[in-house]
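Reader: Please take a close look at one helix for me. Then carry on to the parts that I should compare with my screen.

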Amino acid sequence: MITVRSLSKFYGKKPVVKDVTINIQPGKITSFIGPNGAGKSTLLSMVSRLLDADTGEVLIDQSDVRRMKSSDFAKRVSILKQSNYMNVRLTIRELVSFGRFPYSKGRLTEDDERIVNQSLEYMHLTEMQDSFLDELSGGQRQRAFIAMVIAQDTEYILLDEPLNNLDMKHSVQIMKIIRRLVDELGKTVVIVLHDINFASVYSDRIVAMKDGMVVKDGPTEEIIQSQALSEIYDMEIPIQEMNNCRICVYFNS
């Protein structure tokens, strides 16, 4: 379990994340939702050690992440950032092989190669593994980065807005894959999402943020309620049931 206790971050005197305390349950998808500027990505960055917290602590199974060796942390937690710019030209296979670095230190063993092959197959990238990243569509490139995360073989996977700039088809593909990571491989996924319908359909739990604070935290069915969502987004959001899913109809509210 990931335990966040009294976590805060300030830029100058401005609080971006204010005294956040949450528990991330293992073996589930937990989505961070909320309006722009709510502090979702900043909170995820502190959990992943990409950003230092000003106050509070993050525990991974009772171990303080600040005291963990980087190599040990990389075997427990993987992170996919919003922007994944690479200034070198890589093939899909080369990128996915980077996921094994915490174990291989750049010298891939037979076992590392086997895991890379499995990750490519899982993401349906085997046939195009020698293609260069700059030759790919946005959806293909995102699948390649997720394959790298799978190859890292961590229990905890943190994804910061992985659907950015993807069309509907590729967004659905990515969310289905993320769901499989939890259901088939037993991973724990924390994901920042803008689209509340993706959060509604695919999440087990939702953490809703507003003005740097957690305003709602619980099972998806408790958060995807018109009253709760109106408190989060300051607008009326009717909800309809479709195929046992709650769909938020906010387009003409």
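Author: Start with a word you will need: a residue is buried when its relative accessible area is under 20%, exposed when that is over 50%, and partly exposed in between (1.4 Å probe, protein chains only). Helices (H or I, at least four residues) and strands (E, at least two) are DSSP runs, numbered from the N terminus.

The model is predicted, so local features need pLDDT of at least 70 and side-chain atom pairs 80 or more, while totals for chains, interfaces and linings use all residues. Residues are numbered from 1 along each chain as its sequence is written, and side-chain values use heavy atoms, without hydrogens and water.

Now find helix H6, residues 138-152. H6 is mostly covered, with 12 of its 15 residues buried. Follow the chain to see them. Gly 139 is buried, and so are Gln 142 and Arg 143. The buried residues of H6 also include Ala 144, Phe 145, Ile 146, Ala 147 and Met 148. Val 149, Ile 150, Ala 151 and Gln 152 are buried in H6 as well.

How far apart are the end C-alpha atoms of H6? They are 22 Å apart. The expected span of a helix is 1.5 Å times one less than its number of residues. For the 15 residues of H6 that gives 21 Å, which agrees. Just after H6 comes Asp 153. Asp 153 has a positive phi, near 55°.

Compare H6 with helix H5, residues 110-122. H5 has 13 residues. From first C-alpha to last, H5 reaches 18 Å, close to the 18 Å expected. Its buried residues are Asp 112, Ile 115, Val 116, Ser 119, Leu 120 and Tyr 122. Look down the axis of H5: these buried residues fall within an arc of 160°, so they line one face of the helix. (The arc is taken from the directions that run from the helix axis to the C-beta atoms.) Glu 110 and Glu 121 lie on the other side of H5, and they are exposed. An α-helix has 3.6 residues a turn, so residues three or four places apart point the same way.

Next, the strands. Two strands pair if DSSP finds at least two bridges between them. Take strand S3, residues 29-33. Of its 5 residues, 5 are buried, so S3 is largely enclosed by the rest of the structure. Ile 29, Ser 31 and Ile 33 point one way from S3. Thr 30 and Phe 32 point the other way.

Which strands does S3 pair with? It runs parallel to strand S8 (residues 188-192), joined by 4 bridges. It also runs parallel to strand S9 (residues 205-210), again through 4 bridges. Phe 32 is a handy marker. Its bridge partner in S8 is Val 192. In S9, Phe 32 stands opposite Val 207.

Move on to an open sheet of 4 strands, in the order S2-S1-S4-S5, with antiparallel pairing. S2 and strand S5 (63-64) stand at the edges with a single partner strand each, so one side of each is left without a neighbour in the sheet.

Walk across that sheet. S1 and S2 pair in the antiparallel sense over 7 bridges. Phe 10 stands opposite Pro 15 in S2. The hairpin of S1 and S2 has 2 residues between the strands, and Gly 12 takes a positive phi near 70° there. S1 is joined to S4 by 5 bridges, and the two run antiparallel. Thr 3 has Leu 59 in S4 as its bridge partner. S4 (residues 55-60) is joined to S5 by 2 bridges, also antiparallel. Leu 59 stands opposite Asp 64 in S5.

There is another hairpin to find. Strand S11 (residues 239-242) and strand S12 (residues 245-248) pair in the antiparallel sense over 4 bridges. Met 242 stands opposite Cys 245 in S12. The hairpin of S11 and S12 has 2 residues between the strands. Asn 243 in its turn has a positive phi of about 50°.

Finish in a loop. Glu 161 sits between strand S7 (156-160) and helix H7 (168-185). Is Glu 161 buried or exposed? At 10% relative accessibility, Glu 161 counts as buried. Its C-alpha atom is separated by 27 Å from that of Tyr 103, 58 residues apart along the chain.
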